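Me: Please take a close look at one helix of this model and describe which way its side chains face. Please then set that part beside other sites in the chain.

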Amino acid sequence: MLQKLTQVCHIFRIMDTVVSYEELKTGNINRTYKVNTVKADGAEKSYIVQKVNTYVFKNPIWVMENIDRVTEHIRKKKGDQVALYFHHTAEGKTYMFEDDGFWRLFNYVESDTYNTTADLEVVRNAGEAFGEFQMMLADFDASELFETIPGFHNTRKRYETFEADVKANPCGMVAEVQEEVDWLLSVKDRACKLIDLYEEGKLPLRVTHNDTKINNVLFDKQKKSALVVIDLDTVMPGLVGNDFGDAIRFAGNFVAEDCPEYEKAGVDLAVFEAFADGFLKRTAETLTEEEIRWLAHSSFVLTTEQAVRFLGDYILGSPYYKINYPKHNLDRARCQIALAKDLLAKMDEMERIVAECVNIYRKK
Ligand code: GN1
Ligand code: MG
């Protein structure tokens with residue numbers, strides 16, 4: 001691997017000596033490596049090298065083009081603060097596409113990241129960062145973006161695929177998960193609420209991040225402030241609830257998204273409130289009444305959709321998500337289902353919190 005990573009560095013015109021590397025395991029799709037180099041004068045510098053998963057991203061060049069356009073738009077508004085900068089090859093490309101895969105390289109930012117946290121200041125700052133991200137793209141022309149994964153958060157389409165996979169049952173696993181399948185089907189209409197409202201013309205299309213896990217924000221090591229939102233692979237046209245709901249699904253859960261003790265899963269209302277407060281501070285004045293009305297519900301939608309995706313992948317023999325053990329996707333799905341049930345139970349309270357935040361941040 002060291003040899004491969006050295007080759008990638010050279011293609012991206014980094015000629016310093018590669019001394020070591022570590023694989024960063026937080027992502028479920030791409031392979032990510034922190035590569036440490038030393039210059040001739042002894043100075044150390046690290047980079048991030050990623051091998052993009054081309055089973056998931058069928059057209060990775062589109063992904064890179066989207067990222068270029070979005071980061072350029074943000075740079076124009078925000079200036080060159082902390083940003084992810086993709087290095088170029090001698091031919092001026094931000095990627096190298098070889099027989100063994102699709103590679104890219106960007107700067108390593110010294111920062112803290114959180115997979116879970118009970119630190120409400122961090123959660124509030126993440127909410128602000130994702131809210132700000134979406135607002136910065138409010139005037140971005142969505143038609144300039146490729147739909148890199150068609151129907152990515154189209155919950156109805158996700159269900160259709162899931163039901164077809166359950167029916168085909170290619171690995172004979174459905175009997176084992178019938179209870180989970182039945183529950184997911186029983187909440188289908190509630191889970192498809194956002195996409196249905198969009199199709200009825202009641203929710204506007206925005207440009208959204210679509211993968212708002214808290215570990216996709218880099219934080220300042222001392223100040224806990226958000227430095228930059230990362231992982232722009234799935235920036236596409238979408239609904240505000242995609243970003244709000246997915247963030248709550250991940251950061252708001254008492255446990256990690258793949259916790260095998262799934263009965264411990266549930267939404268921490270203090271985390272919900274902190275995230276909602278940060279997010280709405282940036283967005284309350286822009287969002288429509290209908291978007292606000294369904295914001296709390298979006299956490300249920302995204303959690304259930306994620307359960308459908310994890311369980312669907314399990315039924316197919318886990319071709320999509322990286323797994324560490326055979327039933328990993330099943331544990332993930334069960335954990336999402338337990339969280340979704342708790343979200344339904346606490347919906348009134350979450351709606352009250354959203355209304356309160358909107359009240360604070362909307363100028364009368
Ligand atoms: C994948 O690999 P990562 O962590 O960036 C997935 C997200 C899921 C997430 C669940 C392209 O994201 O949609 O919500 O796993 N990304 C893609 O942890 O499918
Ligand atoms: Mg991602």
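Reply: A residue is called buried when its relative accessible area is under 20% and exposed when that area is over 50%, with partly exposed residues in between. The model is a predicted one, and the helix chosen for the close look is helix 13, which covers residues 347-361.

Helix 13 has 15 residues, and from its first C-alpha to its last it reaches 21 Å, close to the 21 Å expected at 1.5 Å a residue. Its buried residues are Met347, Met350, Ile353, Val354, Cys357, Val358 and Tyr361. These buried residues lie on the same side of helix 13, because the arc they cover around the axis is only 135°. Asp348 and Ile360 are exposed and sit on the face of helix 13 that is turned away from the buried side.

The magnesium site may be set beside this helix. For the magnesium ion (ligand 2), the protein donors are Asp211 (OD) and Asp231 (OD), at 1.9 to 2.0 Å from the ion. The two residues are 20 apart and link distant parts of the chain: Asp211 belongs to the loop between strand 6 (206-208) and strand 7 (217-219), Asp231 to the loop between strand 8 (226-229) and strand 9 (236-238). Asp211 counts as buried because its relative accessibility is 18%, whereas Asp231, with a relative accessible area of 23%, is partly exposed.

Backbone angles add a further detail to these loops. Most residues other than glycine have a negative phi. In Asp231, however, phi is near 60°, a positive value. Asn210 also has a positive phi, near 75°; this residue is found in the loop between strand 6 and strand 7. With a relative accessible area of 4%, Asn210 is buried.

Two further places concern the surface. Met1, Leu2 and Tyr21 together form a nonpolar surface patch with about 250 Å² of accessible area. Within this patch, Tyr21 is part of strand 1 (residues 17-24) and counts as partly exposed because its relative accessibility is 35%. Glu110 is found in the loop between strand 5 (101-107) and helix 3 (120-136), and at 53% relative accessibility it counts as exposed. From C-alpha to C-alpha, Glu110 and Ser46 are 9.3 Å apart in space, although 64 residues separate them in sequence.

Notes: Residues are numbered from 1 along each chain as its sequence is written. Chains are lettered from A and ligands numbered from 1 in the order in which they are written. This is a predicted model: local features need pLDDT of at least 70, side-chain atom pairs count only at pLDDT 80 or more; totals for chains, interfaces and linings use all residues. Side-chain values use heavy atoms; hydrogens and water are left out. Patches are made of residues with over 30% relative accessible area and no salt bridge: like charges are joined within 9 Å, nonpolar side chains (Val, Leu, Ile, Met, Phe, Trp, Tyr) within 5 Å. Accessible areas come from the Shrake-Rupley method with a 1.4 Å probe; for residues, only the protein chains shown count as cover. A salt bridge is a side-chain nitrogen of Lys or Arg within 4 Å of a carboxyl oxygen of Asp or Glu. Helices (H or I, at least four residues) and strands (E, at least two) are DSSP runs, numbered from the N terminus. Buried means under 20% relative accessible area, exposed over 50%, partly exposed in between (1.4 Å probe, protein chains only). Donors are N, O and S atoms within 2.8 Å of the metal (3.2 Å for Na, K and Ca); water is not among the atoms, so sites may look incomplete. The expected span of a helix is 1.5 Å times one less than its number of residues. The arc is that of the directions from the helix axis to the C-beta atoms.
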